[in-house]
Amino acid sequence: MRYADLAAAYERLEATSKRLEMRALLAELIRPLRPPDLPRVLYLSQGLLRPEYEGVELGVADSLARRAVAQAAGVEPAEVARRTKLSGDLGSTTQELLAARRPLEATTPLTVERVYTELSRVAALKGEGSQEQKVQAITDLLVPASPQEGKYLVRFVLGTLRVGVREMTILDALATAFADGTKEARVRIEAAFNLSSDLGLVASALVDGGVAALGAISLEVGRPVRPMLAEREPSLAEVLERMGGSAALEYKYDGLRVQAHVPKDGPVRLFSRRLEEISAQFPELVAELPKAVRAKPAIVEGECVPIDPDTDEIQPFQAVSRRRGRKHDLERAQTEIPVCLFLFDVLLAGGTPTYGDDFPARRARLTEAVRATDRVRLANQRVVASVEEATTFLEEAVAGGAEGVMAKSLGAGSSYRAGARGYWWIKYKRDYTVGLTDSIDGVVVGGFHGRGRRAGRFGAFLVAVYDPGKDRFESFCKVGSGFDDAALAEMPHRLAPFEAPERPVSVVSGIEPDRWFRPGLVLEVRGAELTLSPIHRAAEGSVRAGAGLALRFPRFTGRYRDDKDPTDATTSDELLEMYRGQVRQAAPDADGDDGRPDPT
Ligand code: AMP
């Protein structure tokens with residue numbers, strides 16, 4: 001195919017914003033094409049050289065592109081810069097300059113093959129001298145280009161090709177050009193794309209063997225699957241109703257979705273929800289997954305969250321996002337902000353696709369295929385059949401650092417729906433509260449053995465508030481954050497006078513620490529917010545029967561309140577007041593994207 005024909009088609013596509021018209025134009029453009037031109041044209045039209053997940057980039061800065069344009073047009077770079085300032089688009093400037101250039105002697109017209117091959121070579125150029133080579137290669141393409149070709153070539157190079165062909169429009173066009181255009185054909189084409197994330201591959205299979213050939217496109221380790229997405233409901237009652245009365249509830253971890261591809265041999269590859277490869281960000285997961293996943297090759301999915309290595313508690317999500325792009329500091333990040341991947345699905349195990357199985361079978365397969373380690377575990381899950389059971393699980397989830405629950409359908413048809421949002425998964429997030437500003441003076445009533453760097457020492461402490469009416473100490477958090485080494489070393493001495501062989505009668509908690517202490521040591525803690533909890537007992541029953549108050553993401557401020565007796569600590573009533581005083585906000589979650597920029 002001549003590149004001029006593609007450029008002319010771009011011009012027409014750019015002139016319309018109607019999806020139907022675009023589909024027709026695109027179908028007309030691709031109908032005569034066959035591989036290898038067909039996939040090339042599809043990639044190029046999306047501004048890509050390879051499927052997006054491969055992350056192939058040209059790596060040509062604006063200044064380099066301007067130099068190439070100047071050389072090809074025979075003008076000074078300053079002239080290109082001046083004109084571009086006026087036009088705001090180097091593509092249009094190129095068109096202008098090439099039109100004004102002295103006519104060339106006859107040159108061979110550009111083909112899609114040449115453009116694609118040359119640009120692929122440019123993308124692969126690395127290291128010393130590569131910038132010059134890139135400029136030269138682009139100049140060589142621009143010299144024989146017509147003004148219109150030049151415009152689109154340059155826009156491609158800059159990543160500003162604005163012809164607006166989106167994946168969904170291409171799928172429409174494929175159905176029109178190479179199948180009978182029916183809804184069924186469109187569905188099958190999209191299904192193949194959802195499994196392979198590669199439009200070029202789908203188009204080539206379709207044109208070679210028709211819709212029937214798409215069935216042969218299956219999972220491949222190293223090629224990400226488009227993720228299944230969740231719907232939402234405003235209450236747990238509605239969640240259960242949707243799911244026919246019972247569902248598997250899982251912790252909804254607030255982190256980064258990770259699709260892990262674990263080959264039989266060779267390196268693990270991790271992909272984000274947007275199918276970008278993020279393996280380099282999490283070397284510890286890359287190292288641990290082959291040990292944790294026994295049924296190789298496998299494709300598993302989970303949520304990656306930061307974990308306090310000393311207390312094993314889930315940390316706020318921000319800790320992971322700070323890792324982004326920190327290639328140099330990665331080693332430090334690994335020890336300071338280690339992550340844990342909580343697996344919640346399996347698409348391929350032991351080389352056999354499982355995505356078509358219903359969810360209960362997939363969960364069973366996942367349990368069987370994975371041997372939990374410190375870094376790789378299964379998502380917490382419980383099958384519930386009533387709103388009460390669901391509420392209790394939600395509270396446990398929130399107290400455990402999750403942002404809510406994910407309900408999963410157990411019914412027939414609960415297979416993994418790649419790329420689809422539906423009611424087979426329903427997310428339910430509790431209302432958000434705006435940060436707790438007050439600190440709390442809590443009484444240490446228990447200690448937990450440390451792990452990791454804190455092995456052989458205490459790692460965290462059970463802390464309580466005081467209820468003067470009942471004269472008892474009610475636990476509201478387990479805190480390990482905020483203790484530096486010195487503070488940690490000091491704690492056994494400070495606690496020694498209060499050691500108790502068993503739970504003191506004045507202490508109530510749903511948690512059993514490794515060591516109990518009589519109420520004596522008072523210290524100051526802060527946290528993100530107060531929530532309801534089935535395991536802590538502060539102000540139990542005041543908000544809802546069976547639930548106490550708990551502090552989320554608690555942290556020792558470093559301040560001991562030696563000036564306070566345990567009975568002078570914050571009281572249960574004060575905690576309740578703080579809970580009620582928190583400003584409640586609707587969850588920032590209106591677009592299915594959790595309301596925050598995609599962390600990857
Ligand atoms: P959404 O992407 O808006 O459909 O919301 C679902 C997101 O929640 C997923 O993309 C995951 O990143 C995340 N998530 C956290 N825990 C779970 C879980 N147990 N199961 C499925 N998704 C989860």
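Me: Where does P297 lie in this predicted model?

Reply: P297 lies in the loop between helix 14 (283-292) and strand 5 (298-306). A cis peptide bond joins K296 and P297, with omega at about -5°.

Me: Which other residues does a cis peptide bond join, and what is omega there?

Reply: P35 and P36 are joined by a cis peptide bond, and omega is about 5°. P36 is found in the loop between helix 2 and helix 3.

Me: Staying with helix 3, why are helix 3 and helix 7 called oblique to each other?

Reply: Their axes are 10 Å apart, and the helices pack at an angle of about 60°. Angles under 35 degrees would count as roughly parallel, and the roughly perpendicular class runs from 65 to 115. An angle of about 60° belongs to neither class, so helix 3 and helix 7 are oblique. Their crossing is left-handed.

Me: Which residues make that contact, and how do they divide by class?

Reply: Helix 3 contributes D37, R40, V41, Y43 and L44, while helix 7 (residues 112-124) contributes V112, E113, Y116 and L119. By class, the contact of helix 3 with helix 7 has 6 nonpolar, no polar and 3 charged residues. Tyr counts as nonpolar here, so Y43 and Y116 belong to the nonpolar group.

Me: What makes helix 4 oblique to helix 8?

Reply: The axes of helix 4 (residues 62-73) and helix 8 (residues 130-142) cross at roughly 45° and come within 8 Å. Roughly parallel needs an angle under 35 degrees, and roughly perpendicular starts at 65. With roughly 45° between the axes, helix 4 is therefore oblique to helix 8. This crossing is right-handed.

Me: Which residues of helix 4 and helix 8 meet?

Reply: On helix 4 they are L64, R67, A68, V69, Q71 and A72, and on helix 8 they are Q131, E132, V135, Q136, I138, T139 and L142. The contact of helix 4 with helix 8 has 7 nonpolar, 4 polar and 2 charged residues.

Me: Why is helix 10 called oblique to helix 11?

Reply: Helix 10 (residues 167-178) and helix 11 (residues 183-196) have axes that come within 9 Å and cross at roughly 130°. An angle counts as roughly antiparallel over 145, and the roughly perpendicular range ends at 115. Roughly 130° fits neither class, so helix 10 is oblique to helix 11. Helix 10 passes helix 11 in a right-handed crossing. E167, M168, L171, D172, L174 and A175 of helix 10 make the contact with R186, I189, E190 and F193 of helix 11. By class, that contact has 6 nonpolar, no polar and 4 charged residues.

Me: What is notable about the phi of S197?

Reply: S197 has a positive phi of about 55° although it is not a glycine. S197 is placed in the loop between helix 11 and helix 12 (199-213).

Me: How much space lies in the largest pocket, and which residues are closest to its centre?

Reply: About 1,300 Å³ of space lies in the largest pocket. It is lined by 47 residues, and Q46, L48, E52, E167 and R274 are the closest to its centre.

Me: Which helix gives the most to that lining?

Reply: Helix 9 gives the most, with 4 residues. Helix 2 (19-30), helix 3 (37-45), helix 9 (147-158) and helix 10 each supply at least two residues of the lining. By class, the lining has 20 nonpolar, 10 polar and 17 charged residues.

Definitions and conventions
Residues numbered from 1 in each chain as written. Predicted model: local features only at pLDDT ≥ 70, side-chain atom pairs only at ≥ 80, totals over all residues. Heavy atoms only, no water. Axes fitted to C-alpha atoms, helices over the stretch in contact; angles between N-to-C directions. Left-handed = near helix turned anticlockwise from the far one by under 90°. Contact = heavy atoms within 4.5 Å. 1 Å grid on protein atoms, 1.4 Å probe; cavity = no way out; pocket = protein on both sides within 12 Å on 5 of 7 lines; lining within 4 Å. Points joined across faces, edges and corners; volume = space filled by probe spheres on them.
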